[in-house]
Amino acid sequence: MSFLVYLGIIILLPLYAQFKVKSTYNKYAKVRSTSGMNGAQVARLILDRNGLQDVKVIESKGFLSDHYNPLTKTVALSSQNFHEASVAGTAIAAHEVGHAIQDAEAYAFLRFRHRLAPVANITSNASWGFIMIGIIFSSMNSLLGIGILLMAVGVLFQIVTLPVEFNASSRAMNQIVELGIIRNEEEPHAKKVLSAAAMTYVAATAVAVMELLRLILIFQSRD
């Protein structure tokens, strides 16, 4: 694979994923859900039905800033999803509650990701210093090797994130269908929203793995 092709993939793939999630979200954010429930109500209903009355639902500022915080036990929904009743808001709210259910059930991949997160943050930031020195000064190839090992921790975090996100989406669809929050004709639309959101994680992981492999090849070529 030529460097230009590689460069095109690592630049265009994330851009396409971001475009896809934004365009899909904007489309279905305009489609009112037949339940008439806004995201906050959807999240609260699913939480209560799963015995998670202690988990709070709060409003979060920013576009698509929706997330679940396991430390504060809060489902944070962006303003549009919090207040409006849309298919997109319903799917995203249910997805974040899916993470809360994972947390309550001690889902293995989620627990591993939480433990890995602080380590990955440190190693990812530190890795590039070693990598840049190792690339610039070929005599310091061992530093490049250290940088690769540190980066590998961050890549592992990206990989572990995938099953966590896919599982949360699967739980979300099960909940909104079983509780009758969406009707049959809305189900494909909700799946499209969740699939588009998942694509951003897939793209980020693919780019991280490709970059790691490229650096490993550089390291091996110097032996």
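Here are legends for a few close-up views of this predicted model.

**View 1. Three strands line up into an open sheet.**
Follow the strands across the sheet and you meet them in the order β1-β3-β2, with mixed pairing. Now look at the edges: β1 (56–60) and β2 (67–69) each have a single partner strand, so one side of each has no neighbour in the sheet. Neighbouring strands don't line up perfectly either, as they are turned by 30° against each other on average, ignoring direction.

**View 2. Zooming in on how β2 meets β3.**
These two strands run antiparallel, and three bridges join them. The strand β3 covers residues 74–78. Want one pair to look for? Try Asn-69, whose bridge partner in β3 is Thr-74.

**View 3. A helix packs on the sheet.**
This one is helix α2, made up of residues 39–49. Which strands does α2 touch? It touches β1 and β3. Compare directions, too: that of α2 makes about 160° with that of β1.

**View 4. Thr-123, a buried residue in helix α5.**
The helix here spans residues 108–136, and Thr-123 is part of it. Is Thr-123 buried or exposed? Its relative accessible area is 9%, and buried means under 20%, so Thr-123 counts as buried.

**View 5. Who does Thr-123 touch?**
Set aside the neighbours within four places in sequence, and Thr-123 is in contact with Leu-150, Val-153 and Gly-154. Take a second look at Leu-150: its backbone oxygen lies 3.3 Å from a polar atom of the Thr-123 side chain.

Terms used:
Residues numbered from 1 in each chain as written. Predicted model: local features only at pLDDT ≥ 70, side-chain atom pairs only at ≥ 80, totals over all residues. Heavy atoms only, no water. Pairing = 2+ DSSP bridges. Helix = DSSP H or I, 4+ residues; strand = E, 2+ residues; numbered from the N terminus. Axes fitted to C-alpha atoms, helices over the stretch in contact; angles between N-to-C directions. Contact = heavy atoms within 4.5 Å. Buried < 20%, exposed > 50% of the residue type's maximum accessible area, 1.4 Å probe, protein only. Polar contact = N/O pair within 3.5 Å; in protein donor to acceptor, adjacent residues only side chain to side chain.
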